Structure formats: structure tokens, C-alpha cells
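Here is a short note for a colleague new to this entry. Please read the points with the model open.

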Amino acid sequence: MTEAFDEIKVEFVGLEESVQAVAGAIHDSGEIPERYIRTEVHADPLIADAEGYTLPTIDMSRLLNPEFSKEELAKLGSACENWGFFQLVNHGVDGGLSRQIKADVSEFFSLPLEEKSAVAIPPNGMQGFGHHFVFSKEQKLDWVDLLFLATRPVEERSLDFWPKKPTTFTDTLDKYTAELANVAEQLFRFMAEDLGVDHDALLGTFKGLPQRVRINYYPPCRQADKVLGLSPHTDGTGMTLLLHVNDVQGLQIRKDGEWFSVQALPGSLVVNIGDVLEILTNGKYKSIEHRAVINPEKERITIAAFHNVHLPCTIGPLPELGNPCYKAIDGFEFTKGYFAAKLEGRSYLESFKL
């Protein structure tokens, strides 16, 4: 790991149980532990009529084709400004590789807890299998187990936290994340073109395309309306690329003050703008609040690849985009602060507004 990222120490409270194990116990007893019951799900319900709330779809092959690039670039800009989310199709990631990473991730989460715990997150650590954003024994918990890994640049990996089973995991994740980094770089370049800023000015903040991967396992829960897979939050990153490992949906985003469900297209990557990109673009691109809900019958698994700032750096609005609406902040302090804050909607991002 880089020295800067290695210095990010957060006082997370360790959990001795996995949510998958809790879900199994509930199947027998029928009672959800109080720490997992989330009353805000009912206080902040899903929009009843979602007509017109369909994520924009961006076609990478059209962006790369001079005949269609201008039209598709306008769609990309509109999606980033008005939605902060879009589905990316024809993205160029090898189909066989996508199928293999899905198989490897599914196999890892099917292992006994003792084997998954071989790569458990250490006390106050960031990488490995377990939980993030747990700060007290009394805190309400999300209904999710995760595997969090630093993936790029290669020399920054801590391979002690990469699962040894399945045996193909390391090689598959290495190749898959390399292809995602290429997709992210292409998107950053097109975004710079849409914004009318120098490519290097935007990409400089993401020099080397530092990348972290969070693999999420959401067990089913028969009382799904009482639990929450992932609390409402924004991503403290530049850009996130999300792959659905299976066909179970659960992502919801907040638009115009209302929650609605995202139906991921087969083979697509769901892309969202992170807090850093909203700050860099001086608010032109939007980092949108989102959450994950639980299926009563089926497990849901996703792979989120976060493309982060290069440390050390300063995060602030690009001067070409007008008078700054956000404070500039040291990149290390921004990242440390994000992980040290509870997942509470847009509250962390809003704290940087002038």
C-alpha cells in the first residue's frame, strides 16, 4: 500500500459475527436482532409511481465512434449533471472475464465462515472480509458482509487479504480490475471533453487511477422490510463502476427527493459520480445518494470498483469552472474523514460547500 493510504486508521468496532451467519440463525428463530432493525426504511419509502425514472444508458462504442461520439457525449454530460448515475453498455470488458469474476466471488462467499475469516479485516484496518463504518457496539448495522481490497496500482496491494480460495481469485481480479481501470480512464477523458477542461487537469487528480474494490454480499431476509443492506450514502471517490454478480436487484437512488429502484441491464456496468468529481466539477456533475435493500428470498452480490484520488493531492474545484462553490481540502484528510464518518446521506459532501 502507499504510505498515505496505509496511514488511514479508523476506529471501527470489530464484529465477531457475519451477517450471513445471522441470517441463518434468523431462518431458524424468526427473530431479527435489534441492531439490524431499521425503522427508517418505512419513514423513507420507495416512490410508488416510478414512471419516467429510468437511468440513462450510455453506449461506450458510440462514444468511441467519431460518427456518433458528439451525440453520445451530450447524453453522457446530461446523465452526469441530472442523474449522477448511468448504465454503461458495450463497455469493452471481456465477457468471459466478467463471468469468471462472478463465479470466483460467488464461490468465496459460499465458503464456511472460518475460511472467509482467514482474510478478516484486522482491528482498525480497512482491507479484508468483514464490515466498515461500525463505530460502536450500539450502532444500527447494515445487512451486508463485504470484502474490501486495494487493487491498483499493483505495487500497492496487500495480498495477505486476497482470498486463497478459489485458487483463480487473484488472477481473475487482477485482470478484471485492469480492464475496469481502462474503462474509467476513457470515461474521465470523455467527461473532461464534455466539461471543456484539459484532460490532464481532470485526470491529474486520479494519477495512476488508484482503485479499491468492495465486494458486497447481501443475504436474503424473509423480513426484508425491517433491514437495510446499505445505509443511504454518497461515494467518497471519483467514480464507481458497479457489476451485479447475479440478477437480484436492490440498488435504489434518490432523485428529486424520492427513492426509486434501479433495474440493472444484463451485462452493463452501473456508473455513478462520486463526491470528488462533484467537487472538481464545482457541482456541475452530481454525487447522488443511494442505498441497497434486501431480497426476501435470494442473496444479492455486487462488485463496486472505486476510482480514487492520487495521494498526496488537493481536492478542489477546477478553476476553469467558475467561482468555487466548495472548499479545497487535502486529499488524505478528505479520504480519512470519509471513512471516519457514518454513512449519512450527503452530509459529508455538504460539509465542503461554501
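1. Helix 6 and helix 8 are oblique to each other, because angles under 35 degrees count as roughly parallel, over 145 as roughly antiparallel, 65 to 115 as roughly perpendicular and the rest as oblique. Helix 6 covers residues 95-110 and helix 8 residues 169-195; they pack at about 135 degrees, with axes 9 Å apart. Axes are lines fitted to C-alpha atoms over the stretch in contact, and angles run from 0 to 180 degrees between N-to-C directions. Helix 6 passes helix 8 in a left-handed crossing (the near helix is turned anticlockwise from the far one by less than a right angle). Helices (H or I, at least four residues) and strands (E, at least two) are DSSP runs, numbered from the N terminus.

2. A word on the source. This is a predicted model, where local features need pLDDT of at least 70 and side-chain atom pairs count only at pLDDT 80 or more, while totals for chains, interfaces and linings use all residues. Residues are numbered from 1 along each chain as its sequence is written, and side-chain values use heavy atoms, with hydrogens and water left out.

3. How many aromatic pairs are there? The count is 11 (ring centres of Phe, Tyr or Trp, the last by its six-membered ring, within 6.5 Å; planes under 30 degrees apart are stacked, over 60 edge-to-face, the rest tilted). Trp83 and Phe260 form an edge-to-face pair, 5.9 Å centre to centre with 75 degrees between the planes. This pair links distant parts of the chain, 177 residues apart: Trp83 is in the loop between helix 5 (69-82) and strand 2 (85-89), Phe260 in strand 9 (residues 258-261). Both Trp83 and Phe260 are buried (under 20% relative accessible area; exposed is over 50%, partly exposed in between; 1.4 Å probe, protein chains only).

4. Tyr348 and Phe352 are also edge-to-face, because their planes stand at 85 degrees, with ring centres 5.1 Å apart. Tyr348 is buried at 17% relative accessibility, and Phe352 is buried at 8%. Elsewhere, ring pairs join Phe108, Phe109, Phe129 and Tyr217 into a cluster.

5. Trp83 has a charged partner too. The charged end of Lys255 sits over the Trp83 ring, 4.6 Å from its centre (NZ of Lys or CZ of Arg within 6 Å of the ring centre and within 35 degrees of the ring normal). Arg291 lies over the face of Trp259, 4.2 Å from the ring centre.

6. The disulfide count is zero (a disulfide needs two cysteine sulfur atoms within 2.5 Å). Why does Cys325 lack a bond? The closest cysteine sulfur, in Cys80, is 18 Å from that of Cys325, which is too far. Cys325 is partly exposed at 38% relative accessibility, whereas Cys221 is buried at 3%.
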